[in-house]
Amino acid sequence: MTEKEDNHSDPSISWRHLSVEISTQWTFRKSPSKKTILQSISGHFTAGSLNGILGPSGAGKTTLLNVLSGSNLDYSGTFQYFSNTSSSKSPSSSCLPVSYYIRQHVHNCVVLELSVDQLLNYAFCFKNNVTRNGKTAQAHIERTLSDLSLPLDLLHRPLSKCSGGELKRVVVAQELMSLTPPSYIILDEPTTGLDSSSAFEVMSCLKRLTRTTSAAADNDNDKPMKKGMTIIATIHSPNDETLQLFDRLYVIAKGGVPIYEGRPDALRKTLQSVASLSVPSDQPPIEALLKVACSGKKIKVYFVNLI
């Protein structure tokens, strides 16, 4: 089910008829078989946007992220990255746009005994292939912390003393230490383990990154901002305030079937007009859609002719 597209939206990444199957293990009771994770799904995200992938556990959200990030090459179908020109690049291209994939358990991505300053300085040296950091590194670190609404005094704090929301944003900062900003950031469950206020703060920071990206290689703070990056994130049970931060939602139902693709503010109207599903005014429409996504029988009733 897709709401009407905006004519001015340019695709940044698209996929068509994407399917992923895995082989189940052999047991004494049954022989190995194929299990379908994603069933011939199609969709796209636009450039400079914040995109959310939602669905019940086991629906294939992380699997889709793994395919889009290039971590999983065992799939059928196609997907393409689009440049600023009319040309496009497939995952087999030798010149893909720069992207970073931040996995769900961020504690595995950092050494908690380091301070925030040490972590970001090491990341700066590694990502920019330098052995020493100086004024450029410090300016870049401070600018990145500001972009992520993190105070400068956090630099002297051990990572183990950071709150959950702070640590999530520090890991994002670590990936942004390159002087060449990425075209894409892909995150798996960036709000897991956070309260609603912290989750909103993390997603608000990611939203700002999609709108404008600092000219990081320049020391001139007055230089105009460049076009933002495309951010794709899986998210579990967001409240309505956090959900409205997203430019586009892609909802996958149980069984690896997409049932909605479009803006969050169009969800209630679309459920009513296309699926004849009336949602009470005091209930967020995403709750109703996710309830449908968990039930295979209702999906066949409401959406079989809409995918």
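In this predicted model, six strands form an open sheet in the order E6-E7-E10-E3-E11-E12, and their pairing is mixed. The edges are taken by strand E6 (99–102) and strand E12 (257–262); each has a single partner strand, so one side of each is left without a neighbour in the sheet. From one strand to the next, the twist averages 15 degrees.

Within this order, strand E10 stands between E7 and E3, and its pairing can be followed on either side. Strand E7 (residues 184–187) is joined to E10 by four bridges in the parallel sense. One point of register is given by Ile-186, whose bridge partner in E10 is Ile-232. Strand E3 (residues 50–54) also runs parallel to E10, and four bridges join the two. Here Ile-53 lies opposite Thr-234 of E10.

How many of the residues of strand E10 (residues 230–234) are buried? Five of its five residues are, and the strand is accordingly described as mostly covered. The cover extends to both faces of E10. On one side the buried residues are Thr-230, Ile-232 and Thr-234, and on the other they are Ile-231 and Ala-233. Two of these residues have already appeared in the account of the register: Ile-232 as the partner of Ile-186, and Thr-234 as the residue opposite Ile-53.

Towards the E12 edge, the sense of pairing is antiparallel: strand E11 (residues 248–253) and E12 are linked by five bridges. Val-251 has Tyr-260 of E12 as its bridge partner. This part of the sheet is also accompanied by a helix. Helix H8 (residues 285–293) lies across E3, E11 and E12, and runs at about 30 degrees to E11.

The packing of helices can be traced through H2, H4 and H5. Helix H2 (residues 116–128) packs with helix H4 (residues 164–175) at an angle of about 25 degrees, their axes being 8 Å apart. Because angles under 35 degrees count as roughly parallel, H2 and H4 are roughly parallel to each other. H2 passes H4 in a right-handed crossing. On the H2 side, the contact is made by Val-116, Leu-119, Leu-120, Ala-123 and Lys-127, while H4 contributes Val-170, Ala-173, Gln-174 and Glu-175.

H4 also packs with helix H5 (residues 196–211), at an angle of about 25 degrees and with axes 9 Å apart. The angle therefore makes H4 roughly parallel to H5. This crossing, too, is right-handed. Which residues of H4 meet H5? They are Gly-165, Lys-168, Arg-169 and Val-172, and in H5 they meet Glu-201, Val-202, Cys-205, Leu-206 and Leu-209.

These elements belong to a protein chain with nine helices and twelve strands. Of its 307 residues, 47% are buried. Among contacts between residues at least 6 apart in sequence, 68% join residues at least 24 apart. The accessible surface of the chain comes to about 15900 Å², and carbon and sulfur atoms account for 49% of that area.

Conventions. Residues numbered from 1 in each chain as written. Predicted model: local features only at pLDDT ≥ 70, side-chain atom pairs only at ≥ 80, totals over all residues. Heavy atoms only, no water. Buried < 20%, exposed > 50% of the residue type's maximum accessible area, 1.4 Å probe, protein only. Pairing = 2+ DSSP bridges. Contact = heavy atoms within 4.5 Å. Areas by Shrake-Rupley, 256 points an atom, 1.4 Å probe, with all protein chains shown as cover. Axes fitted to C-alpha atoms, helices over the stretch in contact; angles between N-to-C directions. Parallel < 35°, antiparallel > 145°, perpendicular 65-115°, else oblique. Left-handed = near helix turned anticlockwise from the far one by under 90°.
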